[in-house]
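Student: I would like a close look at a single part of this model, followed by a connected account of what surrounds that part.

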Amino acid sequence: MTASTLETTPVTVTPVAGRIGAVVGGVRLSGDLDAATVQAIRDALHAHKVIFFRGQEHLTDEGQLEFTRLLGDPIGHPTVNAEGEYVLPITSEYGGSASHWHTDVTFVPAYPLASILRGIEIPAAGGDTLWANTAAAYDELTPALKALADSLRGIHTNVYDYASVAPDRDPEAFKRYREVFTKVHYETEHPLVRVHPVTGERTLLLGGFLQRLVGYSGEDSRLLIDLFQGQVTRPENTVRWSWQPGDVAIWDNRATQHRAVADFGDTLRVLHRTTVDGDVPVGVDGRPSAALRPTPAESAQAA
């Protein structure tokens with residue numbers, strides 16, 4: 001595929017895989033971008049699900065946050081960030097590189113619309129990130145499986161067996177990470193298929209925070225989850241990005257899953273993430289997601 005140049009801006013968009021991912025050129029990211037350039041970035045994001053920018057070494061945490069505000073209201077991680085903090089270091093030093101497939105923060109109802117990740121310290125080899133297109137995955141289901149998926153709802157939580165997703169990592173690092181990540185117990189019921197509020201696409205809402213399906217036993221839940229999750233992560237629906245310092249990736253968190261590739265040993269890997277606040281998903285039947293935990297009593301106790 002060749003690069004396409006948008007008529008109203010110098011922005012170029014070059015696809016890097018058949019179903020997901022594009023490199024955006026002609027943009028120096030900052031909080032001062034004009035409205036046409038911001039709209040071109042939004043359009044590329046909706047079309048390609050994850051977009052990449054090379055050569056953004058000028059960005060600082062402050063500059064990254066200012067740019068994030070152009071896409072929407074920034075939001076911190078509900079358990080890791082302190083109140084008012086919007087930049088989240090993703091560092092391998094404490095076991096914080098998520099090497100399992102997930103959509104960010106789906107254990108809350110209005111999980112992030114988008115995430116922006118900037119490469120700070122990158123291993124000489126390894127440490128790539130994979131993204132998967134959950135809209136393309138849904139489109140490829142048979143009519144019978146689409147009907148089944150449309151009818152399902154799942155329970156997402158931030159409490160699960162963290163060590164099981166990377167058993168070779170330092171158990172003490174995992175213990176510290178888990179204690180921070182689960183200091184408040186969240187559970188949310190989401191539709192398995194959400195309707196994208198901008199594109200109208202149907203996307204599969206799964207990933208590592210999905211614990212079980214409503215109305216199904218644990219065993220049957222796992223069989224069905226694995227069936228649909230396997231469709232999401234088919235190679236044809238994915239793109240792999242090899243980081244360089246100064247790279248920036250932005251992904252539509254409503255239409256993707258992602259994971260880090262933990263193949264870089266003890267080498268330090270550091271990226272900084274900001275996120276854009278999202279909306280509450282709505283299923284094919286019009287039912288929105290619903291928070292289950294924390295309950296009002298638990299919220300009061302945590303406060």
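Is Lys49 buried or exposed?

Tutor: The model is a predicted one, and what follows should be read in that light. Lys49 is buried, because its relative accessible area is 2% and the cut-off for buried is under 20%. The residue sits in the loop between H1 and S4. Its phi is positive, about 75°, although Lys49 is not a glycine.

Lys49 follows helix H1, so the helix is the natural place to continue. H1 covers residues 35–48, and for these 14 residues a rise of 1.5 Å a residue gives an expected span of 20 Å; the end C-alpha atoms are 20 Å apart, which agrees. At the N-terminal end, Asp34 acts as the cap, with a side-chain oxygen 3.1 Å from the backbone nitrogen of Ala36. The buried residues of H1 are Thr37, Val38, Ala40, Ile41, Ala44, Leu45, His46 and His48. Their cover includes both strands and a helix: strands S2 (12–15), S3 (22–25), S4 (50–53), S6 (114–121) and S14 (248–252), together with helix H2 (61–71).

A second residue with the backbone feature of Lys49 can be set beside it. Val105 is likewise a residue other than glycine with a positive phi, near 60°. Val105 is in the loop between strand S5 (88–91) and S6, and S6 is among the elements that cover H1. With a relative accessible area of 7%, Val105 is buried.

Both H2 and S6 lead on to His272. This histidine lies in strand S16, residues 270–276, and counts as buried because its relative accessibility is 14%. The side chain of His272 makes a polar contact of 2.7 Å with the side chain of Asp61. Beyond its neighbours within four places in sequence, His272 is in contact with Asp61, Gln64, Val87, Leu88, Pro89, Ile116, Leu117, Arg118 and Ile120.

Another buried polar residue is Asn158, with a relative accessible area of 0%. Asn158 belongs to the loop between strand S8 (153–157) and helix H5 (171–181). The side chain of Asn158 reaches the backbone oxygen of Val184 at 2.8 Å, and a polar atom of that side chain lies 2.8 Å from the backbone nitrogen of Tyr186. Asn158 and Tyr186 are 28 residues apart in sequence, yet their C-alpha atoms are 5.9 Å apart.

Elsewhere, helix H4 (residues 143–151) packs with helix H6 (residues 218–232): the axes come within 12 Å and cross at roughly 120°. The two helices are therefore oblique to each other, and H4 passes H6 in a left-handed crossing. At this crossing Leu145, Leu148 and Ala149 of H4 meet Leu224, Leu227 and Phe228 of H6.

One further backbone detail concerns Pro294. The peptide bond from Arg293 to Pro294 is cis, with omega near 0°, and Pro294 is in the loop between strand S17 (290–293) and helix H7 (296–302).

For the setting as a whole, the protein has 7 helices and 17 strands. Of its 303 residues, 51% count as buried, and Lys49 belongs to the buried class. Among contacts between residues at least 6 apart in sequence, 82% join residues at least 24 apart.

How values were computed. Residues numbered from 1 in each chain as written. Predicted model: local features only at pLDDT ≥ 70, side-chain atom pairs only at ≥ 80, totals over all residues. Heavy atoms only, no water. Helix = DSSP H or I, 4+ residues; strand = E, 2+ residues; numbered from the N terminus. Expected span 1.5 Å × (residues − 1). Buried < 20%, exposed > 50% of the residue type's maximum accessible area, 1.4 Å probe, protein only. Contact = heavy atoms within 4.5 Å. Polar contact = N/O pair within 3.5 Å; in protein donor to acceptor, adjacent residues only side chain to side chain. Axes fitted to C-alpha atoms, helices over the stretch in contact; angles between N-to-C directions. Parallel < 35°, antiparallel > 145°, perpendicular 65-115°, else oblique. Left-handed = near helix turned anticlockwise from the far one by under 90°.
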